[in-house]
Amino acid sequence: MFDIGFWEFALIGIITLIIVGPERMPGIARTAGRYIGKGKRFVAKIQEDIGEELEADKLKEHLNLKDNDSNILEIFDEAKDTLDNIKNDVNKKL
């Protein structure tokens with residue numbers, strides 16, 4: 001995400017140590033770690049939710065295709081029944 005290497009972290013740590021002092025540094029590091037962890041969990045949860053929605057959309061699409069197929073089969077069956085009825089009526093008249 002951010003292209004930060006070892007030297008950038010070291011520089012940030014040194015500047016923070018100078019500004020806040022060695023007494024408050026561990027507490028700030030813990031707090032920063034908690035916020036970073038919360039941020040990572042938040043992003044992971046969003047990615048999971050998006051993945052679930054995509055899967056749900058794929059499933060809905062698949063079910064919709066099956067419904068269309070069953071509707072087509074019903075139409076074929078109705079057409080076949082209609083043709084059979086017409087044949088029977090023609091045979092009765094002959």
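Residues count as buried under 20% relative accessible area, as exposed over 50% and as partly exposed in between (1.4 Å probe, protein chains only). By that yardstick, Trp7 is exposed, with a relative accessible area of 67%. The model looked at here is predicted, so local features need pLDDT of at least 70 and side-chain atom pairs count only at pLDDT 80 or more, while totals for chains, interfaces and linings use all residues. Residues are numbered from 1 along each chain as its sequence is written, and side-chain values use heavy atoms, with hydrogens and water left out.

Overall, the chain has two helices and zero strands, taken as DSSP runs numbered from the N terminus (H or I, at least four residues, for helices; E, at least two, for strands). Of its 94 residues, 3% count as buried. The accessible surface adds up to about 8900 Å², with 63% of that belonging to carbon and sulfur atoms; areas come from the Shrake-Rupley method with a 1.4 Å probe, and for residues only the protein chains shown count as cover.

Back to Trp7: a search of the whole structure turns up one aromatic pair. Its partners are Phe6 and Trp7, edge-to-face, at 5.1 Å centre to centre and with 70° between the planes. For such pairs, rings of Phe, Tyr and Trp (its six-membered ring) need centres within 6.5 Å, and planes under 30 degrees apart are called stacked, over 60 edge-to-face and the rest tilted. Phe6 is exposed too, at a relative accessible area of 60%.

Then there are the surface patches, built from residues with over 30% relative accessible area and no salt bridge, joining like charges within 9 Å and nonpolar side chains (Val, Leu, Ile, Met, Phe, Trp, Tyr) within 5 Å. Leu11, Ile14, Ile15, Ile18 and Ile19 make up a nonpolar one, with about 550 Å² of accessible area together; Ile14 sits in helix α1 (residues 6-20). For the charged patches, Lys and Arg count as positive and Asp and Glu as negative, with His and the chain ends not counted; each charge is placed at NZ of Lys, CZ of Arg, CG of Asp or CD of Glu. A positive patch consists of Arg30, Arg34, Lys38 and Arg41, and Lys38 belongs to helix α2 (residues 25-93). Glu48, Glu52, Glu53, Asp57 and Glu61 form a negative patch. Glu61 is also in helix α2 and is exposed, at 53% relative accessible area.

Finally, the whole structure yields one salt bridge, meaning a side-chain nitrogen of Lys or Arg within 4 Å of a carboxyl oxygen of Asp or Glu. Lys45 pairs with Asp49, the closest N and O atoms being 3.4 Å apart. Both lie in helix α2, four residues apart, about one turn of the helix. Lys45 is partly exposed at 44%, and Asp49 is partly exposed at 32%.
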